[in-house]
Amino acid sequence: MLLLLGVLAGLINHNVLDGPRFAGEVDAIRADPAVAERLGARITDQLIAAQPDLVAIRPLIQSTASALVASPAFGPIVRSAAIRLHAAFTGQDKGAVVLRLADAGTAVIGVLRTVAPQLATRLPDRIDVTLADISSQRFAARAIHLTRVVALLSWLLPLLAAFALLGAVALARDRWRAVTRAGIAVALAGVGVGVVGVVSSIVVSRANQGTLRGAIIAAGWRMTQGTLWRAAAALALAGCVLAVAAAGMAPRLDLAALTRRGVALLTARPSGRLALVAHAAALAIVAAGILLRPELTFGLLAALVGLALATVAVAELTMAAGVARLRPPGSSGTPRRRRLGRWLAMGVLPVVAVAVIVAVVAGDAIGGGRAIAATGDGPASSVPSVSAGCEGHAQLCDRRYDQVAFAGTHNSMTAADEGWFLPEQPDGVIAQLDAGIRVFLIDSWYGQATTAPGVVATAPQNYEAALRSASAEYGADTVQAALRLRDALLPTPVGPPTPYLCHGLCELGAVEWEPLMARVGQWMTAHPREVITFIIEDQVSPADTAKVFEQAGLVKYAYQPVAGQPWPTLRQMIDSGERMVVFMERHGGGARYPWLLSGFDWIGDTPFTARSVAQLSCEPNRGAPDNPLLLLNTWVNGFHALVSNAIRVNSYDTLWPYVTKCQARRGRVANFVAVNYYDRGDLLKVVDQLNGVA
């Protein structure tokens, strides 16, 4: 135990407590691609916090920041920060620990002033990225104390282990047997270090490498695991050789015989019930390891084979030198040695098996929180909603659908947290549902998956139309800059075109439509008192749109109104189960899919081309002025100030007067109030006030 703990303390002291080495290893970790990507994301987050409108070109900023972090030019910044951190935790600096990357944002700002000058002009000249701010003196004191204890143990424990070994041999009546047992102890210390390595590997493999912390843990482990495995192998080999030589067993270490015995041990069926259970359990553990963690299992088996071969090799060398004959095989104590070997086999192997099981369980328990793959939105909640009434309010249950105001989002699928260019919402559809959004303005296009992760190509038949649409809205230069960044990933389309949600060009951002709608279905099942609406700018055919809803299991929720008949109340829609309304802007579903409603036969909307708050208009745009439903397109165009404009438009002092003015002018309820960045401002408050439930 002293040797095991001493070796671990020594490894920590070697890798962590030496300042220059620590700084160098931190710098090497920084260059790891996953770490550089997450650091780039952290720099991007802080730049966007300083200037929220930069979210429009977040992918461009993040790719620039990640490339800078991975470059050699970034090394001095990281090493300087690491030296300060090391000084704080080793007691050389008594202040609070604030880990900053000085000038990390400055280089990125320089690039932004070239590619997006209108946005970058409002940024400060310097931004230092804060990675950690540990102001607790109590925490710092504990860290300093721990580092000093580890430094002490790194030399004290091995020294005590040496004294214990020498003392045991000196005091023993049978010193050869004592040396044999000491060799076994050294080998077991190596096994213990190996078990620590196994546990560490499992925990690291289960860490969420989508976070900066997880990426750093994985990169740090990849850098240090070689030293740990070498220490484990050296201890195990030294112990085995010492035990074999001292016990006089070297002449009997026949490699062919050992191999036959090993195979017989694995394949023979023991006679006793307990032995049979133990044998079956051992085989099951090995089988489970091969099936679930083949790389780790075969690595351990290879290490054991290598250890056995090395032991035999060294034993043969000792035989050649005459060392192994210091104690002849037939001398006193052989029966005890055999009994010792049997007890060792019966005791050590179960302990190792149990350690492996504990390692797997510990790894699953500690690292169980894996990241959700970036598939366009998070998972739908499976916990049933406990909200009362309809849409959370009993007062709304007996109102007709066309008498209720609903909060909506424009370009609902363009989520900033999912890496879209020019996003107009902070997060995806499921998160919006959880936040209280019930109307979703989405665009459907045909796209193709590509060989570049996360990049979707616009289907060839749609590309020219999508390019014209995006260029008209965002400007040709902006679109071309975004396409150049995507093209740098060398995407090659694969597979047939399928329905996606894209805002024009799928290269600027896309989410596969059917899987997203399946998650919407899960959400609706978990929230049985909610009514939701989709308004689709449809470049996907009605047949393929219907197929998406059918495969997602949503058709059962679709409501089909009857022309000339009043809309049902929310209670009637909820009780019938038909509580999803689907409008199509270009093509309705016709007689074949009557629940795909021709949107502007039912909806009248307002203009959506405002370039300032003052230009927000209540005038009729699409659809007949007397259509029963009113959609307010309540946002300001211009990607240079998407967030800033949303903050102004969605504020109560702007949104409430505008909505009430439009209701008065159009003579009907503002049913759908659609905005950008719904999380900024007072959208939900205004909608509740429109419904009289504020």
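**Entry 1: cavities**

I searched the whole structure and got three cavities of 30 Å³ or more. My notes on the word: on a 1 Å grid over the protein atoms alone, a cavity is a set of points where a 1.4 Å probe fits but cannot get out, and a lining residue has an atom within 4 Å of a point. Grid points are joined across faces, edges and corners, and the volume is the space filled by probe spheres set on the points.

Before going on: this is a predicted model, with local features needing pLDDT of at least 70 and side-chain atom pairs counting only at pLDDT 80 or more, while totals for chains, interfaces and linings use all residues. Residues are numbered from 1 along each chain as its sequence is written, and side-chain values use heavy atoms, with hydrogens and water left out.

I looked up the largest cavity and wrote down a volume of about 50 Å³. Its lining is made of Glu424, Glu473, Tyr474, Val636, Asn637, Gly638, Phe639 and Leu642. I sorted that lining into four nonpolar, two polar and two charged residues. For the sorting, Ala, Val, Leu, Ile, Met, Phe, Trp, Tyr, Cys and Pro count as nonpolar, Asp, Glu, Lys and Arg as charged, and the others, Gly among them, as polar.

Then I turned to the second largest cavity, which holds about 40 Å³ of space. Around it I found Thr414, Trp420, Phe421, Leu422, Tyr474, His503, Leu505, Leu508 and Gly509. This lining splits into six nonpolar, three polar and no charged residues. Tyr474 is on my list for the largest cavity and on my list for the second largest.

**Entry 2: positive phi**

Which way does phi usually go? Most residues other than glycine have a negative phi. I looked for exceptions and noted Asn411, which is not a glycine but has a positive phi of about 50°. Asn411 sits in the loop between strand E3 (406-409) and helix H15 (429-435). Helices (H or I, at least four residues) and strands (E, at least two) are DSSP runs, numbered from the N terminus.

Is Asn411 buried or exposed? I found it buried, because its relative accessible area is 2%. The cut-offs are under 20% for buried, over 50% for exposed and in between for partly exposed, using a 1.4 Å probe and protein chains only.

Leu422 also went into the notebook, with a positive phi near 50°. I placed Leu422 in the loop between E3 and H15. At 3% relative accessibility, Leu422 is buried, and Leu422 is one of the residues lining the second largest cavity.

**Entry 3: two helices**

I checked how helix H3 (residues 33-50) meets helix H4 (residues 58-70): their axes come within 7 Å and cross at roughly 130°. So H3 is oblique to H4. Axes are lines fitted to C-alpha atoms, for helices over the stretch in contact, and angles run from 0 to 180 degrees between N-to-C directions. Under 35 degrees is roughly parallel, over 145 roughly antiparallel, 65 to 115 roughly perpendicular, and the rest oblique.

I also wrote down that H3 passes H4 in a right-handed crossing. Right-handed is when the near helix is turned clockwise from the far one by less than a right angle, left-handed when anticlockwise.

**Entry 4: pairs far apart in sequence**

I found Trp567 in the loop between helix H19 (542-551) and helix H20 (570-576). Trp567 is buried at 5% relative accessible area. From Trp567 to Tyr401 I count 166 residues in sequence and 5.9 Å in space, C-alpha to C-alpha.

Ala405 lies in the loop between helix H14 (334-366) and E3, and is buried at 3% relative accessibility. Its partner is Val669, 264 residues apart in sequence and 6.8 Å apart in space, C-alpha to C-alpha.

I placed Ala465 in helix H16 (residues 460-474). Ala465 is partly exposed, because its relative accessible area is 32%. The C-alpha atoms of Ala465 and Gly504 are separated by 7.9 Å, with their positions 39 residues apart along the chain.

Definitions and conventions. On a 1 Å grid over the protein atoms alone, a cavity is a set of points where a 1.4 Å probe fits but cannot get out, and a pocket is an open set with protein on both sides within 12 Å along at least five of seven lines; lining residues have an atom within 4 Å of a point.
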